Amino acid sequence: MMARDSAPAAIVRLDTVDSTQSVAFGLAERGAADRTVVVADQQLAGRGRRGRLWRAPAGTSLLASIIVRPRLPQTLLPTFSPMTAVATAEALRRVAPVAARVKWPNDVLVGGKKIAGILLESRARSGVATPDRDGTRAEAGVSEPRRSLLGPPSVQAGLEAPATTDPATTIIIGIGVNLGQREFPPELAGHATSVALETGRAPDRETMLAALLEEFDAWRVRLEREGFGAVREQWRMLSDTLGRHVALDGVTGIAVDLDVDGALLIDAGGTVRRVIAGEIAWDEAAADSRARGR
C-alpha cells in the first residue's frame, strides 16, 4: 500500500545513540522537515511506554523515529498511534511474512508475543509541552497521559474529521521492530519474539524500513484526509485485543471496540467504559470461567 503523493523521506542514519526519540526531538527543534526519519543501529537508553528503557543489541532491530507535523484536530492526534501500529503490522506481513496483529494501545504481536512497539510523544515547537486528552502534558520522556476511565462511548462524530494543522505541535513517533534477535533476557523470553525466531531468518533492515515508510505514508494520508474511519476498520481486522477478557487498573471486562479517537471500549459487566491510556493484561481467569459457563 503506497501513498502516491508522499515525498521521499529525509533519513538520518546514525550508529549508536541514546535514543532515536531524543535525536528526532532535537532535529525538530532545529527546524527539521515533516516526515524526517531518524534510524540508528543501536540505542543505549531508548524509551518505551511509561518511561521504560528500550534496549536492543546492535544491528538486531529496526529502530526509527519519525517527525510528524500533524494535520489533524488536537483531539485526534492520539489516533496516530493505532495508525502506526496498522502500518507496522502491514509492513511486517509484506516483508517477513508473519501473521502480525495489533494489541491496544501500541504493540504489534506475532503468535501472542511482542515483535514491535510504538511510542508517540508530542511537544510544542516552542519547547512547552502540549496538553493531552485528559489535560496532562506530553513531552520528551513522557509517553502517555495518566490512566483514565471515562464515561460512555462517544458518538460517531469525528470519523470524518477535517484536516487542520496545529502549527504549534510536533509529534515524534518511535517504532522498534525486532528483526534478528535469537534470544531475549529471561524477563522477556516468554513475551517477545523477532522475525528471525518466527521465520528462521532476519530480513534486511533497509527493506523493512522502506516497507514501513510506504505503509506509514499511505495510512497517514488516509488518516489526515478521510479521518480515523478507515484506519479504525483496519485496526479492528488486525486486532488481537477485541473480544478478549482484559484487566486494567482493577477494571475487568471484554474489549468490544475502538472508539472514534482511539480509546479502547470495555464492556465491564454491562457498562461500557472508555480507556484512553494504560497497559492491559489478558484476564484469563475470567475467560476460562465464561467458557465453562457456556
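**Exercise 1.** In this predicted model, find the bridge partner of Val102 in strand 7. Then describe how strand 6 and strand 7 are arranged.

*Solution.*
- Step 1. Locate the two strands: strand 6 covers residues 101–103, and strand 7 covers residues 107–110.
- Step 2. Look across from Val102: its bridge partner in strand 7 is Val108.
- Step 3. Check the direction: the strands run antiparallel, joined by 3 bridges.
- Step 4. Look at the link: 3 residues lie between the strands, and the two form a hairpin.
- Step 5. Follow the side chains of strand 7: Asp107 and Leu109 point one way, Val108 and Val110 the other way, and all are buried.

**Exercise 2.** Decide whether Glu121 is buried or exposed. Then find the side chain with which its own side chain makes a polar contact.

*Solution.*
- Step 1. Place the residue: Glu121 belongs to strand 8, residues 113–124.
- Step 2. Apply the cut-off: buried means under 20% relative accessible area. Glu121 has 1% relative accessibility, so it counts as buried.
- Step 3. Search for the contact: the side chain of Glu121 meets that of Gln21 in a polar contact of 2.8 Å.
- Step 4. Compare positions along the chain: Pro78 is 43 residues from Glu121, with 9.5 Å between their C-alpha atoms.

**Exercise 3.** Explain why helix 1 is described as largely enclosed by the rest of the structure. Then examine its ends.

*Solution.*
- Step 1. Count: 7 of the 10 residues in helix 1 (residues 20–29) are buried, so the helix is largely enclosed.
- Step 2. Name some: the buried residues include Gln21, Phe25 and Leu27.
- Step 3. Inspect the N-terminal end: Ser19 caps it, with a side-chain oxygen 3.1 Å from the backbone nitrogen of Gln21.
- Step 4. Move just past the helix: Gly31 takes a positive phi of about 95 degrees.

Definitions and conventions: Residues are numbered from 1 along each chain as its sequence is written. This is a predicted model: local features need pLDDT of at least 70, side-chain atom pairs count only at pLDDT 80 or more; totals for chains, interfaces and linings use all residues. Side-chain values use heavy atoms; hydrogens and water are left out. Helices (H or I, at least four residues) and strands (E, at least two) are DSSP runs, numbered from the N terminus. Buried means under 20% relative accessible area, exposed over 50%, partly exposed in between (1.4 Å probe, protein chains only). A polar contact is a pair of N or O atoms within 3.5 Å; within protein, one must be able to donate a hydrogen and the other to accept it, and residues adjacent in sequence count only if both atoms are side-chain atoms. Two strands pair if DSSP finds at least two bridges between them.
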